Amino acid sequence: MSQKSELPIAVGIDLGTTAVRCIIGMQEEEAPAPSIIGVGVSGTEGVRKGVVHDVASTVSAITAAIDEAERISGVEIRGATVGVNGQHLVTVSSRGIVAVGNANREISQEDIARVEEAATVMQLPPNREIVGIFPRNYTVDGQEHVKNPVGMSGMRLEVDTSLVTAATPFLKNTTRSINQAGIDIHTHTATALAASRTVASPRDREIGCVVVDIGANTTGVAVFEEGELLHASVLPVGAAHVTNDIAIGLRTDVETAENIKLDYIDADPQTKHANEGFTVKELNGDPLTVTKLEVNTIAQARLKELFRLVDKELKKVKKDGMLPAGALLCGGGANLTGIAELAKQELRLPAHIKSPRGFSGIVDKIQDPQFSTAIGLMLEDMEGEYDLGGDLSVTSIIGNLQSWMGSIVDRFRS
Ligand SMILES: Nc1ncnc2c1ncn2[C@@H]1O[C@H](COP(=O)(O)OP(=O)(O)OP(=O)(O)O)[C@@H](O)[C@H]1O
Ligand SMILES: [Mg+2]
């Protein structure tokens with residue numbers, strides 16, 4: 001298969017608990033966002049709780065997803081930006097300090113790179129690696145809360161950063177799976193941060209929001225304010241727990257419980273559930289009549305627990321009930337009927353369901369909250385190593401255009 005175009009192409013691969021999703025994007029000149037030219041999805045059992053636990057099975061799912069995306073796009077994939085998920089992801093704060101390099105004491109982009117590098121030189125516990133550096137604000141000669149110090153005069157430059165760190169063994173299994181599928185990893189990114197690129201606008205991040213990526217086994221949380229990442233974490237609860245609770249509560253199999261979840265659950269606390277019954281088959285084969293009220297009580301209990309955990313994360317950074325742009329819900333669990341209303345009540349914040357928007361190309365398949373992460377990984381891949389957590393703003397694209405056009409085109413030529 002040959003490359004279809006000389007335009008910059010980027011690839012995101014999301015190793016989810018239910019499926020591996022691969023997205024190929026192409027940046028057309030002057031288009032505000034990349035066009036989606038390839039989509040591949042393959043169910044997997046090799047990922048559990050967001051981490052790879054069976055390399056062989058994950059490799060075959062990655063291969064199948066890539067094959068599909070390649071077939072649709074006519075592009076051969078050699079490298080990608082890949083998501084990292086799991087409770088092992090942790091955000092820590094770190095400070096970097098450097099002397100301004102220029103003789104005339106004007107702060108340059110090079111000083112910014114040096115001070116961010118300095119912030120990463122910290123004592124990490126053994127077996128942990130940094131997977132994301134997010135500068136929050138700078139201090140120039142004691143003047144705090146500087147957003148962009150480039151061009152300012154100063155002797156001493158400091159930066160406060162949020163560093164996202166991951167456990168090396170989990171990272172290695174991800175790398176091994178991707179490499180065995182014949183793909184190079186350009187970068188690793190926490191899946192909730194990738195999803196944030198897709199669903200949180202620069203304005204949402206500026207005024208304050210929390211992205212809640214409700215997957216099958218995990219929920220990723222990323223809190224933003226003043227354009228910067230304040231906190232990111234992964235909770236060990238997702239939409240599959242709702243299914244399991246229904247299966248246990250009704251003594252039925254998981255497949256039946258999943259169908260009940262899709263057909264009957266309405267998490268909206270205002271909904272008055274009629275006491276109407278429907279029949280399911282118990283594990284022993286006996287028919288059982290249950291009511292919508294019963295199954296919704298089971299589902300709401302689990303979802304309330306999930307939002308209590310999200311609220312606890314917001315409390316850690318003193319933002320509970322305090323984010324004007326509210327909770328932006330994505331991931332497959334965001335498709336649950338009434339979930340935004342429940343989130344609004346439990347988090348005391350506005351809440352919105354977010355699907356990928358503003359893309360051209362093969363969009364019918366990807367306009368679902370489930371694709372937010374894979375698309376965000378593709379967006380990160382577009383910006384390459386030149387952006388450390390910035391937005392998909394037109395200025396950042398233009399700023400990086402020359403460098404990444406060269407590097408990405410080379411990548412596909414070689
Ligand atoms: N229309 C729908 N209504 C209700 N739930 C849905 C719907 N579509 C998907 N889900 C649920 O979303 C979950 C899968 O979401 P997603 O694909 O984001 O997870 P994942 O990325 O594979 O998992 P994780 O992020 O935990 O590794 C499943 O539990 C599924 O039942
Ligand atoms: Mg996911």
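**Exercise 1. In which sense do S12 and S13 pair, and over how many bridges?**

Solution. Keep in mind that we're working on a predicted model.

- Start with the pairing itself: S12 and S13 run antiparallel, joined over 6 bridges.
- Next, look at the connection. The two strands make a hairpin, with 4 residues between them.
- For a spot check, take Val211: its bridge partner in S13 is Ala222.

**Exercise 2. Follow S13 to its other neighbour, S14, and describe the pairing.**

Solution.

- S13 covers residues 219-225, and its pairing with S14 is antiparallel over 7 bridges.
- Here again you get a hairpin, this time with 2 residues between the strands. Glu226 sits in that turn and has a positive phi of about 50°.
- Now pick out some bridge partners. Ala222 is matched with Ala232 in S14, while Val223 is matched with His231.
- Put Ala222 together with the previous exercise: this residue has Val211 as a bridge partner and Ala232 as another.

**Exercise 3. Place these strands in their sheet: what is the strand order, and which strands are at the edges?**

Solution.

- Read across the sheet and you get S14-S13-S12-S17-S18, which is 5 strands in an open sheet with mixed pairing.
- The edges are S14 (228-235) and S18 (351-353), each of which pairs on one side only.
- From one strand to the next, the twist averages 20°.

**Exercise 4. Which helices pack on this sheet, and at what angles?**

Solution.

- Begin with H8, residues 292-316. This helix lies across S12 (209-214), S13 and S14, and runs at about 35° to S13.
- Then turn to H9, residues 339-347. Helix H9 packs on the sheet by touching S17 (326-330) and S18, and its direction makes about 155° with that of S18.

**Exercise 5. Is S13 buried or exposed, and what about each of its faces?**

Solution.

- Count first: 7 of the 7 residues in S13 are buried.
- To split them by face, recall that side chains in a regular strand alternate between the two faces of the sheet.
- One side of S13 carries Thr219, Val221, Val223 and Glu225, and these are all buried.
- The other side carries Gly220, Ala222 and Phe224, which are all buried too, so both faces are covered.

**Exercise 6. Why does Lys272 count as exposed?**

Solution.

- Locate the residue: Lys272 is in the loop between H7 and S15 (277-281).
- Apply the cut-off, which calls a residue exposed at 12 or fewer C-beta neighbours within 10 Å. Lys272 counts as exposed because it has 7 of them inside 10 Å.
- One more distance: Lys272 and Lys292 are 20 residues apart along the chain, and their C-alpha atoms are separated by 9.9 Å.

**Exercise 7. What surrounds ligand 1?**

Solution.

- There are 22 residues around ligand 1, and the nearest are Gly16, Gly215, Ala239, Gly332 and Asn335.
- Two elements give two or more residues to this shell, namely H6 (239-250) and H7 (254-264). The largest share, 3 residues, comes from H7.
- Sort the shell by class and you find 6 nonpolar, 14 polar and 2 charged residues.

**Exercise 8. How does the radius of gyration of the protein chain agree with that of a compact globule?**

Solution.

- With 414 residues, a compact globule would come out near 22 Å; the chain has 22 Å, so the two agree.
- Along the principal axes, the C-alpha atoms fill a box of roughly 80 × 50 × 45 Å.
- As for burial, 46% of the 414 residues are buried.
- The chain's inventory is 11 helices and 19 strands.

Notes. Residues numbered from 1 in each chain as written. Chains lettered and ligands numbered in written order. Predicted model: local features only at pLDDT ≥ 70, side-chain atom pairs only at ≥ 80, totals over all residues. Pairing = 2+ DSSP bridges. Axes fitted to C-alpha atoms, helices over the stretch in contact; angles between N-to-C directions. Contact = placed C-beta atoms within 7 Å. Near = placed C-beta within 6 Å. Nonpolar A, V, L, I, M, F, W, Y, C, P; charged D, E, K, R; others polar. Buried ≥ 20, exposed ≤ 12 C-beta atoms within 10 Å, placed from the backbone. Rg over C-alpha atoms; globule rule 2.2 N^0.38 Å.
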